[in-house]
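Colleague: I've got a new model open and I'm not sure how to read it. Could you walk me through a few features?

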Amino acid sequence: AAGPAAMAPAEVPLPKEPAPQAVPASDLPMKVCEVARNTRADSSSGLATAGFRTAKHLLPEWRQSASALYHQASAGRQQAERGRAEAKELAERAAATAQRAQQDSTATLSQRLRDTHFWKAELQKEIEDLEAETGLLAAQKLRLERALDATEVPYAIATDNLQCRERRQPPDLVGDEVERELLKEAELIRNIQELLKRTLMQAGNQIRLNRDHKEICEMDWSDKVETYNIDDRCGRYSNQSTNIQFHPGSVKLEESASTPETWAKFSHDNIYRAEREKLASINLRALIDNILHDVSEDLRMQCAAVNEAFAKHCEELDDAKHKLEHHLKKILKEIGDQEANIAALKQAIKDKEAPMKVAQTRLYDRSFRPNVELCRDETQFRLISEAEELTQSIESLKKKLLESEQSLRNLEDTRMNLEKEIAVKANSIFIDRQKCMAHRTRYPVVLKLAGYQ
């Protein structure tokens, strides 16, 4: 007879535990366990266990859960070991990287110090050169001022000579070679004064530019000195320094920061511009030397030319008078002929008025012909042509009249100029010899005109 023992589940073999650290943990397959059932009619085992079977796990399920936990523990241990090894390697690599980065930074700071020192030395040399050059240019500027003051005496002599000659009585007042030379001398002195003033202004501007570029170089030099001290202090920092601290906000690039190329170009451009101004100052000093030498020579040569003109003029007074009178007679005759010519032109224009009236009246009356009689016949064309020819003749005569009147005005101006030129006689020799030439003995010497005294 079959009893409760016949309903017990069959024995299931235990699965093997996985080898540690060999394969990854995974869920084991489920094995379905079948329980032998008593199917006879008098069996009651199914009714006895019906209320407890669904609330409990099977033994294989329990074993499977334990095996999964073993797998999870093994995998977690392996992951932790790998993490510790990676952390140790990362820490060693980070330490080496930090040391190498600090060494590289120290090396770049040393190179930066050498670059800064180079530009600082170049700037200092340029500052000293500019200061010396500015002193030399200031000395040349003083020579210019002395030379400009020395030109006052020759200018006063020339203007006094011109004024004395203006006091000659008519008809002896004439614009002769002496006056031209005196005017040339006065113009030369004015031009020299303007040149010296412009050169003085140029020298002043150059001195200001020298000082401005010297100041720019000094500011750049001062920045280089401050930067050198900062980089030198930074190069002395180490991990054992006591005055280091965190500055999180400094780990960024300023938008206005320069690049190494623009940094070097800035100092290079400053030195280049300063060197250019120094060369300009040297050239200006050489130019000032040439100007003062040429100015003194030109003034002495013009003074000699004026004195020679004075000597010759006294011999030419009589001859000049006769020539001017001869030309005046010719001008007067030409003026009379031109006036007659103008009167003839006016009469010719007036004579053309009657023919013009006839032609225009004929054209006007013929415009009233009726209907088809208003014909463009040969007569009409000839009348129009006649009117146009008369108009052109009148315009030509008027144009010639304007030219003749302008020529007459020019002749009148020439006549007046000749009459003024003839006014040179009685006291001219006294004024030229006793007044003007005696005054010219006070002309300054060359050294004074060159700015040395």
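Modeller: Sure, and let's start with an idea you'll need: a charge sits over a ring if NZ of Lys or CZ of Arg is within 6 Å of the ring centre and within 35 degrees of the ring normal. Keep in mind that this is a predicted model.

Colleague: Okay, so which ring does K120 lie over?

Modeller: K120 lies over the face of Y228, at 5.5 Å from the ring centre. There's also R112, whose charged end sits over the ring of W263, 3.6 Å from the centre of that ring.

Colleague: What about rings meeting rings? How many aromatic pairs does the count come to?

Modeller: Ring centres have to lie within 6.5 Å to pair, and planes over 60 degrees apart count as edge-to-face. Here the count comes to one aromatic pair. It is F118 with W119, an edge-to-face pair with 5.2 Å centre to centre and 70° between the planes.

Colleague: Is W119 buried or exposed?

Modeller: Buried means under 20% relative accessible area. W119 has 14%, so W119 is buried. Its partner F118 has 43% relative accessibility, so F118 counts as partly exposed.

Colleague: Let's zoom out. How many helices and strands does the protein chain have?

Modeller: The protein chain has nine helices and zero strands. Of its 453 residues, 27% count as buried. Now take contacts between residues at least 6 apart in sequence: 89% of them join residues at least 24 apart.

Colleague: Can we pick one helix? What span does α7 reach from its first C-alpha to its last?

Modeller: Helix α7 covers residues 378-422, which is 45 residues, and reaches 65 Å, close to the 66 Å expected at 1.5 Å a residue.

Colleague: And which residues in α7 are buried?

Modeller: First, the general idea: an α-helix has 3.6 residues a turn, so residues three or four places apart point the same way. Now look at the buried residues in α7, among them Q380, L383, A387, L390, I394, L397 and L401. Further along, the buried residues include S404, L408 and L411, as well as L418 and I422.

Colleague: Last one: how many disulfides does a search of the whole structure find?

Modeller: For a disulfide, two cysteine sulfur atoms must be within 2.5 Å. The search finds zero disulfides. For C436, the nearest cysteine sulfur, that of C164, is 5.0 Å away. C436 is buried, with a relative accessible area of 0%, and C303 counts as buried at 4% relative accessibility.

Conventions
Residues are numbered from 1 along each chain as its sequence is written. This is a predicted model: local features need pLDDT of at least 70, side-chain atom pairs count only at pLDDT 80 or more; totals for chains, interfaces and linings use all residues. Side-chain values use heavy atoms; hydrogens and water are left out. Helices (H or I, at least four residues) and strands (E, at least two) are DSSP runs, numbered from the N terminus. The expected span of a helix is 1.5 Å times one less than its number of residues. Buried means under 20% relative accessible area, exposed over 50%, partly exposed in between (1.4 Å probe, protein chains only). Rings of Phe, Tyr and Trp (its six-membered ring) pair if their centres lie within 6.5 Å; planes under 30 degrees apart count as stacked, over 60 as edge-to-face and the rest as tilted. Contact means heavy atoms within 4.5 Å.
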